[in-house]
Amino acid sequence: MDGILNVLKPPGMTSFDVVSYLRRILKTKKIGHAGTLDPGAAGVLPVCIGRATKSIEYMMEKDKSYRVELTLGVSTDTQDAEGQVVERHQVHLTEQQIVECINHFIGKIEQIPPMYSAVKVEGKRLYELARTGVTIEREAREVEIYSINILEIFENNTKVLFDVTCSKGTYIRTLCADIGEKLGCGGHMSFLIRTRAGIFDICHALTLEDIAELAIEGKMNDILVKVEEIFKNLQKVELDEFSTKKFLNGVFVKLDYLDVKPGETLAVFNNSNVFFALGEVFLKQGKPMMKLKKVF
């Protein structure tokens with residue numbers, strides 16, 4: 001069994017819980033998710049099975065979209081609704097002030113990872129330290145907010161519902177906390193659902209119940225997305241049987257017939273149109289060549 005499942009993660013489960021559940025019902029050990037969702041959050045969680053697990057590192061690089069509810073005037077230690085309230089403030093803001101502040105965050109911004117996160121510092125995850133009451137200095141990271149679409153401002157301007165599309169590594173609860181801080185009243189993420197992760201959209205996501213039923217019916221291959229789908233934006237190279245064997249043994253392949261650039265990644269297929277590797281372009285004596293980057 002090889003491929004990617006577009007899973008609709010329910011709130012209340014960790015991403016690891018989802019993988020563990022699927023490992024049991026699909027009876028496979030080679031399985032992993034591509035992008036953690038907080039336990040309280042729901043939405044798209046791509047889960048890779050078999051040889052598709054080799055694509056996880058590339059899937060993690062893709063941008064993501066979310067629907068978010070921001071509650072102003074209340075700050076928590078986890079920056080979301082799961083944590084303890086640490087501050088409360090009255091909210092005396094106009095819709096225009098809120099909109100202008102939120103739009104200020106579109107583009108490249110600096111974020112400090114929250115203490116309750118899976119980021120590792122000196123071998124320990126931050127949330128492990130946070131649970132023992134330890135807080136340490138964290139370095140700010142650059143992320144990018146590609147777009148924010150405010151859908152509704154309600155409950156006396158204390159709640160904001162918006163859609164956001166962002167780069168990998170963006171913490172939406174930190175975005176909410178930072179917006180609240182900039183507005184001077186504090187804030188936290190009170191609701192989150194991931195609507196898209198790379199090519200995977202919530203419209204086509206399957207519940208765990210759906211997947212369990214299809215597994216019983218022996219229809220898993222009908223819903224698994226082929227790993228090459230996530231590389232469909234890459235230029236395709238097809239090799240004959242002889243060239244495929246040489247390429248897999250580390251021999252460089254000439255690319256005189258293609259318009260390629262040094263450093264470019266290519267999707268490599270055999271002469272039966274089966275995707276089996278990624279190749280990387282480099283120049284040798286001024287001529288484009290391809291070397292093996294990843295075997296699938």
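**Figure 1. Glu280 in strand E17 of the predicted model**. Glu280 is partly exposed, with a relative accessible area of 25%. Partly exposed residues fall between the 20% limit for buried and the 50% limit for exposed. The residue belongs to strand E17, which spans residues 275-284. Lys293 lies 13 residues away along the chain, yet the C-alpha atoms of Glu280 and Lys293 are separated by 5.9 Å. Lys293 is also one of the residues that Glu280 touches. Beyond four places in sequence, the list of contacts reads Gly263, Glu264, Met289, Met290, Lys291 and Lys293.

**Figure 2. Helix H8 and its buried face**. Helix H8 covers residues 241-248. Its buried residues are Ser243, Thr244 and Phe247. Seen down the helix axis, these residues fall within an arc of 105°, so they line one face of H8. Phe242 and Lys245 are on the other side of the helix, where they are exposed.

**Figure 3. The strands packed against H8**. The buried residues of H8 pack against strands E14, E15, E16, E17 and E18. Strand E14 covers residues 235-239, and strand E15 covers 253-254. Strand E16 runs over 265-270. Strand E17, the home of Glu280, is among these partners of H8. Strand E18 takes in residues 287-295.

**Figure 4. The two ends of H8**. Asp240 caps the N-terminal end of the helix. A side-chain oxygen of Asp240 lies 3.3 Å from the backbone nitrogen of Phe242. Phe242 is also one of the exposed residues of H8. Gly250 follows the helix. The phi of Gly250 is positive, near 90°.

**Figure 5. Ser15, a buried residue of helix H1**. Helix H1 spans residues 15-26 and includes Ser15. Ser15 has a relative accessibility of 2% and counts as buried. Its side chain reaches the backbone nitrogen of Leu37 at 2.8 Å. Setting aside neighbours within four places in sequence, Ser15 is in contact with Lys9, His33, Thr36, Leu37 and Leu45. Leu37 thus appears both in the contact list and as the residue whose backbone nitrogen the side chain of Ser15 reaches.

**Figure 6. Glu69 and Ser190, joined through their side chains**. Glu69 lies in strand E4, residues 64-72. At 16% relative accessibility, Glu69 counts as buried, because the limit is under 20%. A polar contact of 2.6 Å links its side chain to that of Ser190. Ser190 is also among the residues in contact with Glu69 beyond four places in sequence. The others in that list are Phe154, Lys159, Val160, Leu161, His188, Met189 and Phe191.

**Figure 7. The whole protein chain, for orientation**. The chain has eight helices and 18 strands. Its C-alpha atoms fill a box of roughly 70 × 50 × 40 Å along the principal axes. Of the 296 residues, 48% count as buried. The chain exposes about 15,800 Å², with carbon and sulfur atoms supplying 49% of that area. Among contacts between residues at least 6 apart in sequence, 66% join residues at least 24 apart. The chain carries 38 positive and 40 negative charges, and their mean positions are 9 Å apart.

Notes
Residues are numbered from 1 along each chain as its sequence is written. This is a predicted model: local features need pLDDT of at least 70, side-chain atom pairs count only at pLDDT 80 or more; totals for chains, interfaces and linings use all residues. Side-chain values use heavy atoms; hydrogens and water are left out. Helices (H or I, at least four residues) and strands (E, at least two) are DSSP runs, numbered from the N terminus. Buried means under 20% relative accessible area, exposed over 50%, partly exposed in between (1.4 Å probe, protein chains only). Contact means heavy atoms within 4.5 Å. Accessible areas come from the Shrake-Rupley method with a 1.4 Å probe; for residues, only the protein chains shown count as cover. Lys and Arg count as positive and Asp and Glu as negative; His and the chain ends are not counted. The place of a charge is taken as NZ of Lys, CZ of Arg, CG of Asp or CD of Glu. The arc is that of the directions from the helix axis to the C-beta atoms. A polar contact is a pair of N or O atoms within 3.5 Å; within protein, one must be able to donate a hydrogen and the other to accept it, and residues adjacent in sequence count only if both atoms are side-chain atoms.
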